[in-house]
Amino acid sequence: MGHYSYYLKCRLQELGYPALNLELHECSGFVQGSGVAWYGRLTAMDLHALARRMIREQARSPYDSAYARLVGRREGKRLLELLTFMDTLKADTVEIYTKGEKCGDHHAYSMGIDDQLDWDHISAMTTQGQGVLEIYQRQWQRLIQWLWDDLERTSLAIDSELRNIKLAERDEGTVVWARRTARFKVEVIKTRISEFDLEYEEGESVMELLSEVAKGQKELFGLSAYVETLDTEMELAGVHSAPFTRSLTDRFFDGVLSDVVYEAIDEARDVLKELEAAQAA
């Protein structure tokens, strides 16, 4: 899994979506039709996690009165009660489907919601009275409407974050430091994060790096330092840093620049000693 898709998966999980059980499409970019989308069935307990987030968000709304927020929390408990009951019945809930006509277009507006809840079945199986059933239905519609809005809002937000990450990687091959002596050349260039195998990095560390860059205030890359002879252009050393983030105002690359330069020079010295020893023999 590439780091863009990994970021999409982690962000959806943070927001309560069961990303491991959904069909994810990471198509973020800078052309019409680009974006991110996800499709699949949501279980009652998947919706339970999303409903808790909805209730928390709406409880903080500055546009509602204190009384309205209190009622919302009280009826929200009824919604969670309904979803727990639906889980015991293994009732069909909703499916996120693709409504795009063009194959390959996956974005905030390509997702639709198919409400599959059978209210006759719920009514027949519950012991609750008509008043509670009406609250259930009202809160269910509240959740469905919120989910429509959240799919669009979340897709747009993650797409924007991924575009920031992609922009932060755009300077591949840029020379950030270079020095020449009478015999040697030392050069340090930026290396794209895609050149690194992030599968062997700790998941939390990768997500921390990507999250910092997604805010649009840092760039993400690695540094590679090379030492070459001037006369034969033979590479004596090549040292590569791990990927790291850098504030756009940091001229010293968080100390990584000096580290790779010194390590490359030490490596080149060792190689020269070996070459000189081989020639002397």
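**Chatting through the model**

Me: Hi! Which side chain is joined to that of Ser224 by a polar contact of 2.8 Å?
Reply: His240: the side chains of Ser224 and His240 are joined by a polar contact of 2.8 Å. Bear in mind that this is a predicted model.

Me: Thanks. What polar contact does the side chain of Ser224 make with Thr191?
Reply: The side chain of Ser224 makes a polar contact of 2.7 Å with the side chain of Thr191.

Me: Where does Ser224 lie, and is Ser224 buried or exposed?
Reply: Ser224 lies in strand S7, which runs over residues 218-229. Ser224 is buried, with a relative accessible area of 2%. That value is under 20%, so Ser224 falls in the buried class.

Me: With which residues is Ser224 in contact, leaving aside its neighbours within four places in sequence?
Reply: With those neighbours left aside, Ser224 is in contact with Glu187, Val188, Ile189, Thr191, Val239 and His240. Thr191 and His240 turn up here again, after their polar contacts with Ser224.

Me: Let's zoom out. How many helices and strands are in the protein chain?
Reply: The protein chain has 7 helices and 9 strands. It is more spread out than a compact globule, because its radius of gyration is 27 Å, well over the 19 Å that the globule rule gives for 281 residues.

Me: What box do the C-alpha atoms fill?
Reply: Taken along the principal axes, the box is roughly 95 × 40 × 35 Å.

Me: And how much of the chain counts as buried?
Reply: Of the 281 residues, 43% count as buried. The accessible surface of the chain comes to about 15900 Å², and carbon and sulfur atoms account for 49% of that surface.

Me: What share of the contacts with a separation of 6 or more comes from residues 24 or more positions apart?
Reply: That share is 68%. Gly35 and Ile158 give you a pair to look up: they are 123 residues apart in sequence and 8.5 Å apart in space, C-alpha to C-alpha.

Me: Where is Gly35 found, and is Gly35 buried or exposed?
Reply: Gly35 is found in strand S2, residues 35-42. Gly35 is buried, at 2% relative accessible area. Leaving aside its neighbours within four places in sequence, Gly35 has contacts that include His25, Cys27, His106 and Asp159.

Me: What about Asp149: where is its place?
Reply: Asp149 is in helix H5, residues 130-168. At 39% relative accessibility, Asp149 counts as partly exposed. Its C-alpha is 9.8 Å from that of Ala108, with their positions 41 residues apart along the chain.

Me: New topic, cysteines. How many disulfides does a search of the whole structure find?
Reply: The search finds 0 disulfides. For Cys10, the nearest cysteine sulfur is that of Cys27, 18 Å away. A disulfide here needs sulfur atoms within 2.5 Å, so Cys10 and Cys27 do not make one.

Me: Is Cys10 buried or exposed?
Reply: Cys10 is buried, with a relative accessible area of 10%, whereas Cys27 counts as partly exposed at 26%. Cys10 is also one of the buried residues of helix H1, along with others including Tyr4, Leu8 and Leu12.

Me: Why is H1 described as largely enclosed?
Reply: Because 9 of the 12 residues of H1 are buried, H1 is largely enclosed by the rest of the structure. H1 covers residues 3-14 and reaches 16 Å from its first C-alpha to its last, close to the 16 Å expected at 1.5 Å a residue.

Me: And what span does helix H2 have?
Reply: H2, residues 44-59, has 16 residues and reaches 22 Å from first to last C-alpha, close to the 22 Å expected. Among the buried residues of H2 are Asp46, His48, Arg53 and Met54.

Me: Last one. What phi does Lys90 have?
Reply: Lys90 has a positive phi of about 55° although it is not a glycine. That deserves a look because most residues other than glycine have a negative phi. Lys90 lies in the loop between helix H3 (66-89) and strand S3 (94-98), and it counts as exposed at 65% relative accessibility.

Me: What about the phi of Asp254?
Reply: Asp254 has a positive phi of about 55° and is not a glycine either. Asp254 is found in the loop between strand S9 (244-247) and helix H7 (256-280), and counts as exposed at 59% relative accessibility.

Note on methods
Residues are numbered from 1 along each chain as its sequence is written. This is a predicted model: local features need pLDDT of at least 70, side-chain atom pairs count only at pLDDT 80 or more; totals for chains, interfaces and linings use all residues. Side-chain values use heavy atoms; hydrogens and water are left out. Helices (H or I, at least four residues) and strands (E, at least two) are DSSP runs, numbered from the N terminus. Buried means under 20% relative accessible area, exposed over 50%, partly exposed in between (1.4 Å probe, protein chains only). A polar contact is a pair of N or O atoms within 3.5 Å; within protein, one must be able to donate a hydrogen and the other to accept it, and residues adjacent in sequence count only if both atoms are side-chain atoms. Contact means heavy atoms within 4.5 Å. The radius of gyration is taken over C-alpha atoms; the globule rule is 2.2 Å times the number of residues to the power 0.38. Accessible areas come from the Shrake-Rupley method with a 1.4 Å probe; for residues, only the protein chains shown count as cover. The expected span of a helix is 1.5 Å times one less than its number of residues.
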